[in-house]
Each structure stands twice: as C-alpha cells, then as structure tokens.
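Let's take a walk through this structure together, one region at a time. Have the 3D view ready so that you can find each part as we come to it.

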Protein chains: 2
Amino acid sequence: MKSTINAKDVAKLAGVSQSSVSRVYFEGAKVSKKTRQKVLAAAEELGYRPNEFARSLITNRTKIIGLVMKGVQNPFYPQVLTQFTASFKKFGYSILFVHTNSDEIQTEDIETLLNYNVAGVVITDATMSLNVAESFRANQIPLVFFNRKLSRSNFYSVCCNNLSAGRAIAEYLIAKGSKDMAYISGNENTSTSQEREEGFSEVVTQHNLNFKKYSSDYTYEGGYKTALAIMEEEALPSAFFVANDIMALGVMDALRKKEIQVPAQVKVIGFDNIGMSSWPAYELTTWEQPIEKMVEETVTYLLAEMIDYTGTAEAVEVDGVFIERKTT
Amino acid sequence: MKSTINAKDVAKLAGVSQSSVSRVYFEGAKVSKKTRQKVLAAAEELGYRPNEFARSLITNRTKIIGLVMKGVQNPFYPQVLTQFTASFKKFGYSILFVHTNSDEIQTEDIETLLNYNVAGVVITDATMSLNVAESFRANQIPLVFFNRKLSRSNFYSVCCNNLSAGRAIAEYLIAKGSKDMAYISGNENTSTSQEREEGFSEVVTQHNLNFKKYSSDYTYEGGYKTALAIMEEEALPSAFFVANDIMALGVMDALRKKEIQVPAQVKVIGFDNIGMSSWPAYELTTWEQPIEKMVEETVTYLLAEMIDYTGTAEAVEVDGVFIERKTT
DNA sequence: CTGAAAGCGCTTACAG
DNA sequence: CTGAAAGCGCTTACAG
C-alpha cells in the first residue's frame with residue numbers, strides 16, 4: 001500500500017527523527033539550521049513532498065477554499081474566478097470549484113465542501129437556504145456571499161454599492177433629459193437586481209417621473225427577447241437601465257435589428273463593465289463593479305475568520321464607478 | 001482538538017463497532033441490513049459525515065480532479081469548465097481549479113496538484129514542460145491535454161479535428177470563389193493554431209492559390225488590432241480564416257469600424273462556435289468544437305486510468321461541425 | 001457478517 | 001533543539 005515516500009524515509013536518510021522532518025515543513029516550528037539542511041538535502045534526493053491529507057487530518061484544517069458559482073456564462077464571473085484564484089494562491093490556498101445549475105445551491109454541493117472541511121467558502125451569483133448556510137456556521141466555516149445578499153440572515157456579504165449606483169444612474173439619465181425610462185431587471189429574486197431597481201426608482205420618483213419595469217433573467221438572450229417584445233408591443237422608452245451588461249448587449253442587438261439608433265433614439269446603460277462592453281460594436285455606458293476590491297474584501301475577511309472565527313455578519317459595499325461611453 | 005463527530009461516536013450510539021460504521025459508508029463493503037439501519041439512524045442523529053482526508057490517507061486515493069486553465073477570458077473555456085464540473089460530479093469527483101497566467105504551467109501550480117494527490121489531471125489551453133508532465137507519470141496520475149497537444153511527448157490528448165477542419169474551411173472558401181485568403185493565427189506555439197493552419201495551407205496550395213498569414217494571440221483585442229493593421233497597410237484579402245471565434249469577433253468589429261461590408265467585401269470564418277458567434281451583431285460562420293464529446297472522451301479515459309493505470313498515450317480527435325452563418 | 005487491531009503520514013505536547 | 005510516542009479518522013486484512 002505504501003508507495004509514496006514519507007517523512008520517515010527522509011528522516012532515515014537524513015539521520016534525524018521523523019519529528020524533525022515534520023518541523024522543517026511546518027511553518028512556525030523550530031529546527032536548527034543544520035538539521036534543516038540535512039533534511040532538505042535528503043528530501044530533495046528522494047523527492048519528498050508532505051502529504052496534505054495527513055496534515056489536514058491531524059490539524060483539522062485545510063488550505064482549501066470552496067468557491068461556488070452559477071453564472072459562468074456571464075463574462076463577469078470568469079473575471080471573478082480568475083481574481084479569486086490568484087488572490088487565494090498568494091496565501092497558499094487552493095480552490096475547490098463547485099458549479100451549480102440552480103439559483104439555490106443544492107445540499108449535495110454543500111456536502112462536498114463539508115466533507116473536504118474547506119477553510120472557507122465563497123458563494124457567488126447564487127443563494128442558499130438559511131438552513132444550509134447555518135451548517136457552515138455550525139462547523140465554524142467562514143462564508144461570504146459575493147455579489148449577493150441573503151435577506152433576513154446574518155451572513156457576511158460583499159457587493160457593489162448597488163443602491164447608490166441605481167440612484168446615480170437615474171440622476172444621470174434625468175440630467176440628460178430622459179423622462180420615460182425603463183428598467184430591465186435580472187432574476188427578480190436576486191438582491192443585486194432589487195437594489196439597483198430600488199435606487200433607480202427612488203430618484204425617478206423624487207423627480208416626479210415614472211419608469212416601466214420589465215422582468216428578465218441576466219442573460220444575453222433574455223435582454224434580446226425582452227427588448228424585441230417591448231418594441232413589438234409598446235412605445236419605446238427614451239432610456240433603458242439594464243440590470244447587467246450581458247443583458248444590455250442583448251438589448252442593443254435587438255435595437256440594432258430593428259434599426260433603432262442608440263443613443264439617438266434610445267439610451268442604454270448596463271452594469272458590471274465586462275470586457276465586451278468596451279468593444280467597438282457596443283461601447284456601452286455602464287457601472288463598473290470593482291471586482292478587485294470586492295475580491296480583496298472577501299479574501300481579507302475570510303483569512304481573518306480562518307484564524308479566529310467570530311461569525312461576524314456585515315454587508316460590505318464597495319463603490320463602483322460610472323463609465324460613460326457611447327450609448328448615452 | 002477533537003471537535004467534529006467521527007465514526008467512533010456513531011458506533012457507540014448505534015451499538016456497533018467502528019468498523020461497521022466504516023463499512024456502511026464504504027462502497028462495496030458488506031454489512032447486514034440491520035447494522036446499516038442502526039448506523040444510518042445514529043449518523044443522522046449526530047450529523048455524521050465521513051472525513052475525506054482520513055479516507056484518502058488510508059486508501060491513498062482521492063476523489064479530486066485537478067483542472068488547469070489559462071484562458072478563462074475566452075468564452076470557450078467557461079463552457080468547458082462547466083461541462084467538466086458537471087461531468088465529474090456525476091462520478092463523485094470534485095474539481096480543484098488551478099489558474100495559470102503563463103502559457104507554460106508553473107511548477108508551483110503542479111506542486112499543489114501533487115500535494116493533494118489528485119486522482120487525475122486535465123490541462124486546458126496551456127502546455128507544460130515534459131519534465132513536469134513526467135512527474136505526474138512518476139506518481140501514476142493520469143493526465144489529459146485538452147485542446148492542446150504536447151509535441152514529441154507521449155501523453156493523452158483530446159482535441160477537435162483541427163487539421164481536417166482547416167482543410168474543410170479552405171475547400172469551402174475556395175468553392176465560394178475566394179482566391180486571396182488570409183489566416184490569422186492564435187499563439188503560434190499552440191498545436192491548435194498550427195494544425196488549423198496546416199490543413200488550411202495544404203488545400204490552398206493544392207489549388208495553386210496563396211494565402212497570407214498574420215500572427216495574433218487568440219484574444220479579441222489581438223484580432224481587432226491585427227485586422228486594423230492589415231487595413232492600414234495592405235490590400236484586404238477576400239476572406240479571413242481566423243483561428244478562433246473571439247479573435248474573429250475582433251476582426252469583424254475592426255472591419256465594421258472601417259465600414260467594410262461582411263461578407264460582401266470580406267468573408268470571415270472563426271473557430272469554436274462560442275455563444276457570441278450566433279449573436280445578431282455577428283452571425284459568424286465558424287467551426288463548432290464538440291465540447292460535450294471532447295469532455296466525455298477526457299472523462300472516460302481518466303476514469304479508466306484511475307482504476308487501472310496504464311499511461312497510454314493517444315491523440316484523440318473528435319469531429320467538429322461546420323456552421324454556416326452570415327459572414328461568408 | 002462483525003469486531004479488535006494495525007496502520008496511512010502527519011503534528012504536537014512531553015521529556016530530555 | 002531533538003526524539004519517542006500518542007493520536008487525527010478512517011480502511012482493511014484477520015479471526016471468529
């Protein structure tokens with residue numbers, strides 16, 4: 001059964017005890033320079049590598065972060081994935097990637113994370129029942145909802161300032177002279193779509209104006225179909241605030257198909273600032289989500305909680321930036 | 001130190017031995033119905049979950065697949081990621097996600113995979129030095145290069161039929177009357193770009209025609225810049241064969257910017273059939289990579305090798321499909 | 001079918 | 001600073 005070489009083998013070759021070998025590889029343990037050198041030389045010769053499983057078993061902690069994602073089709077998320085992987089790598093953590101199809105994360109997916117006793121969890125673009133979330137708390141595993149809030153719960157979340165972004169976008173459009181605006185929502189049960197709408201609505205109402213609301217689903221196809229349907233049945237608004245960029249691109253393509261001029265006939269504003277929004281075919285005005293800072297906030301919190309678990313809940317909001325391009 | 005509940009706890013409550021508890025959770029082990037029921041009841045009550053680390057330590061095998069990716073910015077790869085995650089999940093495997101920035105995978109990234117003693121590895125959109133690849137073989141860890149071949153090596157690879165696709169695309173363009181064609185390559189050291197060019201070149205030459213070659217990098221920006229540069233300095237070819245879709249979209253946007261009509265003035269063909277290529281703004285003719293089948297081939301091979309390691313090398317090619325849209 | 005016991009490869013008090 | 005030993009939570013021959 002024994003096939004790989006272990007600390008005992010190295011110890012024998014180095015002429016020291018197995019404990020000493022262990023100490024060389026365990027950060028914070030003390031070993032004399034001489035011992036360290038002997039061990040490293042022997043390890044090198046044998047190609048020794050400490051077994052993470054034995055380590056985790058004895059320390060009861062891992063260097064694995066569970067990253068749960070849903071919408072990898074939205075180009076926003078590959079960026080998020082890249083940033084998290086890079087950021088955690090710096091601190092020696094690896095990523096256990098879980099992809100879920102449903103809005104609500106399945107118990108099955110969670111089991112995996114618990115079985116591997118992950119050091120922390122990031123949930124992206126999805127929610128989970130409070131029950132399930134609590135099972136992480138019970139195991140003192142820190143958890144962050146990234147770009148989502150779980151309503152009526154006390155879990156840590158990191159989002160963009162969706163509410164004030166919604167307000168700023170309304171202010172901007174009204175200043176530009178828009179009167180009859182429309183909001184195209186993402187999945188309506190997401191906090192992001194709700195908050196963007198709420199901020200927007202607030203300001204529109206303050207100005208004694210109205211806006212129409214159309215419900216969509218955060219996908220390109222959703223944006224495309226929604227816009228087509230609008231054009232077939234109703235008068236076009238003077239501006240669309242679309243809950244994310246990928247939908248906004250769909251909206252623009254639908255407008256293009258009907259030969260509607262943007263921004264001359266309709267203005268379009270998205271949200272996220274995905275790479276494509278700056279493509280010449282779109283040049284979309286949007287609200288940039290500060291992914292880097294959001295990731296940093298998430299990682300900082302998780303690292304702190306891994307050292308000393310408190311279970312603190314907070315809804316962190318990181319300020320995004322308005323990016324004006326050619327669609328407004 | 002002991003915090004979580006273990007098989008011993010369950011055994012005590014169920015009134016059986018710890019071995020029996022273990023057998024209930026170990027597939028293939030034999031336990032009487034009665035024992036099983038007692039154990040499951042006790043486990044349920046205590047919230048027991050077998051510790052994966054202890055399991056892996058004793059069995060010397062894991063249920064983790066290392067998935068190494070580079071180009072997550074190319075929408076082709078999120079699709080690949082989703083499929084792999086779904087497919088491996090079916091067989092009870094989890095994904096350790098490694099993201100690399102460089103074309104050649106770093107030893108550091110590999111260390112992680114070896115430390116976690118992954119059951120298998122998929123390398124996507126990147127290569128690695130033969131040295132590093134051999135370290136997997138030394139540990140009998142099966143390895144598949146997905147969408148890449150490692151030249152002069154004997155590792156398993158799964159690709160699309162790039163060579164014959166290149167040929168078919170040349171035949172198609174020539175049949176359509178194109179005479180002066182151009183190939184815009186991806187990163188030139190990738191097998192995919194080389195083979196697509198090779199097939200293309202072969203047929204063009206057979207027909208006593210020529211084509212120009214421009215070197216690019218598999219990104220949208222690369223395609224955009226390359227096309228702009230061409231238009232500023234030289235006569236436009238009658239058709240572009242672009243090594244992947246995302247670059248082809250860049251090419252199209254550059255043409256649009258210069259008000260060149262596609263396909264009237266220039267034809268454009270991409271490769272991959274990413275979601276965006278069917279968007280109304282593009283409607284790109286392309287060659288579909290059969291991701292699902294490619295993933296299936298990869299998973300099947302890995303599962304077989306995990307049971308009985310042979311280290312067989314083979315360059316599997318899965319046939320793609322030509323998709324004609326409006327750019328040709 | 002079941003239990004007692006050895007052992008996977010580590011970390012970590014405990015002596016020296 | 002170093003070594004001998006216990007123990008993390010499992011699997012798995014070995015008896016019964």
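## A loop with an unusual bond

B:Pro263 sits in a loop of chain B, between helix H11 (245–257) and strand S9 (267–269). Keep in mind that the model is a predicted one. The peptide bond leading from B:Val262 into B:Pro263 is cis, and its omega is near 0°. Most peptide bonds are trans, and most residues other than glycine have a negative phi.

Now turn to chain A. There, A:Pro263 lies in the loop between H11 and strand S9 (267–269) of chain A. A cis peptide bond links A:Val262 to A:Pro263, with an omega of about 5°. The loop between H11 and S9 of chain A also holds A:Glu259. This residue is not a glycine, yet A:Glu259 has a positive phi of about 60°.

## Where the two chains meet

How many residues does the contact take from chain A and from chain B? Chain A gives 50 residues and chain B gives 50 residues. The size of an interface is often given as the accessible area lost when the parts come together. Between chain A and chain B, the buried area is about 4400 Å², and carbon and sulfur atoms account for 62% of this area. Three residues supply 17% of what chain A buries against chain B: A:Arg49, A:Phe53 and A:Trp279. No other three residues supply as much.

Several elements of chain A give two or more residues to the side that touches chain B, among them helix H4 (52–59), helix H5 (76–90) and strand S2 (94–99). Helix H6 (107–115), helix H10 (220–233) and helix H11 (245–257) of chain A are also on that list. Sorted by class, the residues on this side of chain A are 24 nonpolar, 16 polar and ten charged.

## Links across the interface

Which residue of chain A forms a salt bridge with B:Glu111? The partner is A:Arg49, and the closest N and O atoms of the pair are 3.8 Å apart. In total, two salt bridges are counted between chain A and chain B. Four residue pairs are in polar contact across this interface.

Strands take part in the meeting of the chains as well. S2(A) is joined by three bridges to strand S2 (residues 94–99) of chain B, and the two strands run antiparallel. To find the pairing in your view, look for A:Ile95, which stands opposite B:Phe97 in S2(B).

## Around DNA strand D

DNA strand D is surrounded by 29 residues, and the closest are A:Arg23, A:Ser32, A:Thr35, A:Ile58 and B:Ser22. Which parts of the DNA face the protein? Of the atoms of DNA strand D within 4 Å of the protein, 61% belong to sugar or phosphate, and bases provide the rest. The side chain of A:Ser32 has an N or O atom 2.6 Å from a phosphate oxygen of DNA strand D. For A:Ser17, the distance from a side-chain N or O atom to a phosphate oxygen of this strand is 2.9 Å. Chain B takes part too: a polar side-chain atom of B:Asn6 is 3.1 Å from a phosphate oxygen of DNA strand D.

Helix H2 (18–25) and H4 of chain A each give two or more residues to the surface near DNA strand D, as do helix H2 (18–25) and helix H4 (52–59) of chain B. H4(B) gives the most, with five residues. The surface is made up of eleven nonpolar, twelve polar and six charged residues.

## Around DNA strand C

For DNA strand C, 29 residues form the surroundings, the closest being A:Ser22, B:Arg23, B:Ser32, B:Thr35 and B:Ile58. Sugar and phosphate make up 61% of the atoms of DNA strand C that come within 4 Å of the protein. A:Tyr48 places a polar side-chain atom 3.0 Å from a phosphate oxygen of DNA strand C. With A:Ala7 it is a backbone N or O atom that lies 3.1 Å from a phosphate oxygen of the strand. In chain B, an N or O atom in the side chain of B:Ser17 is 2.9 Å from a phosphate oxygen of DNA strand C.

Which element gives the most to the surface near DNA strand C? H4(A) does, with five residues. By class, this surface has eleven nonpolar, twelve polar and six charged residues.

Definitions and conventions
Residues numbered from 1 in each chain as written. Chains lettered and ligands numbered in written order. Predicted model: local features only at pLDDT ≥ 70, side-chain atom pairs only at ≥ 80, totals over all residues. Heavy atoms only, no water. Contact = heavy atoms within 4.5 Å. Buried area = accessible area lost by both parts, 1.4 Å probe. Salt bridge = Lys/Arg side-chain N within 4 Å of Asp/Glu carboxyl O. Polar contact = N/O pair within 3.5 Å; in protein donor to acceptor, adjacent residues only side chain to side chain. Helix = DSSP H or I, 4+ residues; strand = E, 2+ residues; numbered from the N terminus. Nonpolar A, V, L, I, M, F, W, Y, C, P; charged D, E, K, R; others polar. Pairing = 2+ DSSP bridges. Near = heavy atom within 4 Å.
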